[in-house]
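Got your viewer open and your mouse ready? Let's take a walk through this one, stop by stop.

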Amino acid sequence: MKIVFANSAWVSAAERLVLRGGSWQSVRLRVRYGLIFHPTAGPVLVDTGYTHEALTGERRGRMLRLYGALLKPELNAAEQVLPVLKHFGLSPDDVRAVIVTHFHADHISGLSLFPRARFIASDAAWARVKARTPRQNLRHGVFTELFPADFETRLDGLSAKPRVEGLNGVPGGADLFGDGGVIAVDLPGHADGQFGLLFPRLERPLLYAVDVQWLLSALTGTRTPGFLATLIAEDAKAIEPTGAMLRRFLATRGEVMLCHDPELTAYDLPPNDARAE
Ligand SMILES: [Zn+2]
């Protein structure tokens with residue numbers, strides 16, 4: 001099973017905001033999304049990264065426009081999801097499943113680009129989105145205009161998936177494709193319903209831990225940034241226990257990847273490799 005990650009955009013932030021004890025110098029964060037070539041499910045996206053829909057789309061509400069103006073993500077044209085799919089000889093219609101790790105804009109921005117995909121996501125978190133007012137959803141960082149109108153009919157909820165054992169300190173989770181190769185693991189703290197993906201069968205097991213932290217060094221060095229973590233976290237108390245679980249996994253030779261860490265990993269597309277022809 002081939003797994004690649006691409007960088008949809010760059011976002012700059014003062015290091016201090018993403019790393020306790022960090023400097024005021026700006027760090028350039030990636031906004032990754034993944035592409036899994038699954039033997040039976042075919043090409044499966046892991047989130048969509050930022051796309052034009054979140055940053056220039058006509059359907060954006062006032063708050064999403066403000067969010068874009070404040071955060072100023074810089075789209076990476078070469079590694080936007082459509083050019084990357086094209087690089088692998090795929091069209092949007094070839095994508096039959098998108099795993100949606102949580103409902104923040106940089107993860108769901110491009111869902112409407114995939115009209116034939118089912119959405120593998122937390123149905124419990126979706127039920128809470130539906131129960132909230134738009135204003136309450138904004139407080140959870142959820143811009144509902146980014147969901148395709150038929151999101152619910154295409155939702156393939158985690159609660160219906162078989163539960164399987166975890167690995168090396170990582171608790172069990174939902175077996176997404178029934179083969180034990182891709183397991184959704186709850187990662188409480190950052191966002192309502194956030195889950196990561198455990199790939200236990202790889203030679204070196206991998207856990208894609210999404211937005212547990214922005215920087216890997218904040219995780220490995222236990223340097224959770226105080227200010228941002230408490231201001232925007234869904235459940236600030238859960239951040240440290242989730243981090244401790246990931247450190248146990250790392251200590252057993254597991255590999256952890258994050259969405260935003262700037263360092264290139266072995267799973268990232270090499271720079272310039274994904275340019276659209
Ligand atoms: Zn997030």
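Start by selecting Asp268, which counts as buried because its relative accessibility is 8%; buried means under 20% relative accessible area, exposed means over 50%, and partly exposed is in between, using a 1.4 Å probe and protein chains only. Now add Arg32, also buried, with a relative accessible area of 0%. The two side chains meet in a salt bridge, 2.8 Å from N to O. A salt bridge here is a side-chain nitrogen of Lys or Arg within 4 Å of a carboxyl oxygen of Asp or Glu. This pair links distant parts of the chain: Asp268 sits in the segment after β13, Arg32 in strand β2 (residues 26–38), and they are 236 residues apart. Helices (H or I, at least four residues) and strands (E, at least two) are DSSP runs, numbered from the N terminus.

Before you click on, some ground rules: this is a predicted model, where local features need pLDDT of at least 70 and side-chain atom pairs count only at pLDDT 80 or more, while totals for chains, interfaces and linings use all residues. Residues are numbered from 1 along each chain as its sequence is written, and side-chain values use heavy atoms, with hydrogens and water left out.

**Next stop: Asp261**

Select Asp261, in the segment after β13 (255–257). Which side chain of opposite charge is nearest to Asp261? It's Arg32, 5.4 Å away, and Asp261 is buried yet has no salt bridge. For charges, Lys and Arg count as positive and Asp and Glu as negative, while His and the chain ends are not counted.

Show Leu216 too: its backbone nitrogen lies 2.7 Å from a polar atom of the Asp261 side chain. Then colour the residues that Asp261 is in contact with, leaving aside neighbours within four places in sequence: Arg30, Arg32, Trp214, Leu215, Leu216 and Ser217. Contact means heavy atoms within 4.5 Å.

**The zinc ion**

Now select the zinc ion. Which atoms coordinate the zinc ion? They are NE2 of His102, ND1 of His104, NE2 of His190 and OD of Asp211, at 2.1 to 2.3 Å. Donors are N, O and S atoms within 2.8 Å of the metal (3.2 Å for Na, K and Ca), and water is not among the atoms, so sites may look incomplete.

Try looking at the angles: they run from 88 to 174° among the 4 donor atoms, and the site is irregular. To count as tetrahedral, four donors need all angles between 85 and 135 degrees; four count as square planar and six as octahedral if opposite donors are over 155 degrees apart and all others between 65 and 115; anything else is irregular. For reference, ideal angles at a metal are 109.5 degrees for four tetrahedral donors, and 90 or 180 degrees for six octahedral ones.

Along the sequence, the donor residues are spaced H-x1-H-x85-H-x20-D. One pair links distant parts of the chain: His102 is in the loop between β5 (97–99) and α5 (105–108), and Asp211 is in the loop between β12 (206–208) and α8 (216–220), 109 residues apart. His102 and Asp211 are both buried.

Zoom in on His104, found in the loop between β5 and α5. His104 is buried, with a relative accessible area of 13%. Its side chain makes a polar contact with the side chain of His102 at 3.3 Å. A polar contact is a pair of N or O atoms within 3.5 Å; within protein, one must be able to donate a hydrogen and the other to accept it, and residues adjacent in sequence count only if both atoms are side-chain atoms.

**More salt bridges**

How many salt bridges does the structure hold? There are 11. Go to Lys161 and Asp156, whose closest N and O atoms are 2.8 Å apart in a salt bridge. Both Lys161 and Asp156 are buried. Add Arg118, and you have a network of salt bridges linking Arg118, Asp156 and Lys161.

Then try Asp235 and Lys237, which meet in a salt bridge of 3.7 Å, N to O. Asp235 is partly exposed at 31% relative accessible area, and Lys237 is exposed at 72%.

**Last stop: two positive phi angles**

Most residues other than glycine have a negative phi. Select Asp47, which is not a glycine but has a positive phi of about 65°. Asp47 lies in the loop between β3 (42–46) and α2 (52–55), and counts as buried at 0% relative accessibility.

Finish at Arg253, where phi is near 75°, again a positive value in a residue other than glycine. You'll find Arg253 in the loop between α10 (236–251) and β13, partly exposed at 47% relative accessibility.
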